[in-house]
Amino acid sequence: MRLTNMSDYAIRLLMHLGRHPDRLCTIAEVARAYGISEPHLMKITHRLAQRGWIHTVRGKNGGMQLAHDPSDIPLGEVIRDTENDLALVECMGANNTCVLSGQCGLTPIVAGALQAFMDHLNRHTLADVMQPPPRAAQGPAESPIRITARAR
């Protein structure tokens, strides 16, 4: 599973707004800070505003700011609101045409894994990602999590 750029950029946008709670931030400012195209960021801003995560003010002196304290913004809920499709396998989607539906135990297993993932994200808030982790918990920044097969 890989989250879309929309989710990644949405979290970055929220982090930027959380770091500047005393003022309105502009799309151009955030786009420059993270190297994101302004049209793409406008789409994300619109979605976050629709979902109630940010407030926007139009006009010459307009901009955006968080609608909630960073500690009140669960990461899992933001991800749910920014991902278009969390159906990890066909049978979880609305247009399921899998010939194994009803004869396969994969669906509840994958659904349970997705729920555990979202539950874990919801145990963390925007405030958690705005702070660097404690020094002892930091590993090499370029080392992704590796999942290895269990020996049989």
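Is Thr 82 buried or exposed, and what is its relative accessible area? In this predicted model, Thr 82 has a relative accessible area of 1%, and because buried means under 20% relative accessible area, Thr 82 counts as buried. The residue is found in helix α4, and, leaving aside residues up to four places away in sequence, Thr 82 touches Thr 4, Met 6, Ser 7, Ala 10, Arg 47 and Leu 48.

The helix around Thr 82 is itself mostly covered, since six of the eight residues of α4 are buried. These are Leu 75, Gly 76, Val 78, Ile 79, Asp 81 and Thr 82, and what covers them includes the helices α1, α3, α5 and α6.

One of the contacts of Thr 82, namely Leu 48, leads on to the nonpolar core. The largest nonpolar core has 28 residues, and among these Leu 13, Leu 14 and Leu 48 touch the most other members. Two or more residues come from each of α1, α2, α3 (38-50), β2 (63-66), α4 (75-82), α5 (106-122) and α6 (126-130), while α1 gives the most, with eight residues. Leu 48, again not counting residues up to four places away in sequence, touches Ala 10, Leu 13, Leu 14, Trp 53, Ile 54, Val 78 and Thr 82, so that two of the residues named with it as touching the most other core members, Leu 13 and Leu 14, are among its own contacts because their heavy atoms lie within 4.5 Å.

From the core, the path can be followed along α1 to its packing with α2. Helix α1 (residues 5-19) and helix α2 (residues 27-34) pack at an angle of about 110°, with their axes 10 Å apart, which means that α1 is roughly perpendicular to α2. The crossing of these two helices is right-handed. On the side of α1 the contact is made by Arg 12, Leu 13, Met 15, His 16 and Arg 19, and on the side of α2 by Glu 29, Val 30, Ala 33 and Tyr 34; together the residues of this contact divide into five nonpolar, one polar and three charged.

Within α2, the residues Glu 29, Val 30 and Ala 31 are buried, and the buried residues of this helix pack against α1, α3 and β2. After α2 comes Gly 35, whose phi is positive, near 65°.

Note on methods:
Residues are numbered from 1 along each chain as its sequence is written. This is a predicted model: local features need pLDDT of at least 70, side-chain atom pairs count only at pLDDT 80 or more; totals for chains, interfaces and linings use all residues. Side-chain values use heavy atoms; hydrogens and water are left out. Axes are lines fitted to C-alpha atoms, for helices over the stretch in contact, and angles run from 0 to 180 degrees between N-to-C directions. Helices (H or I, at least four residues) and strands (E, at least two) are DSSP runs, numbered from the N terminus. Angles under 35 degrees count as roughly parallel, over 145 as roughly antiparallel, 65 to 115 as roughly perpendicular and the rest as oblique. A crossing is left-handed if the near helix is turned anticlockwise from the far one by less than a right angle, and right-handed if clockwise. Ala, Val, Leu, Ile, Met, Phe, Trp, Tyr, Cys and Pro count as nonpolar, Asp, Glu, Lys and Arg as charged, and the others, Gly among them, as polar. A nonpolar core is a set of buried Ala, Val, Leu, Ile, Met, Phe, Trp, Tyr and Cys residues joined through side-chain atoms within 4.5 Å. Buried means under 20% relative accessible area, exposed over 50%, partly exposed in between (1.4 Å probe, protein chains only).
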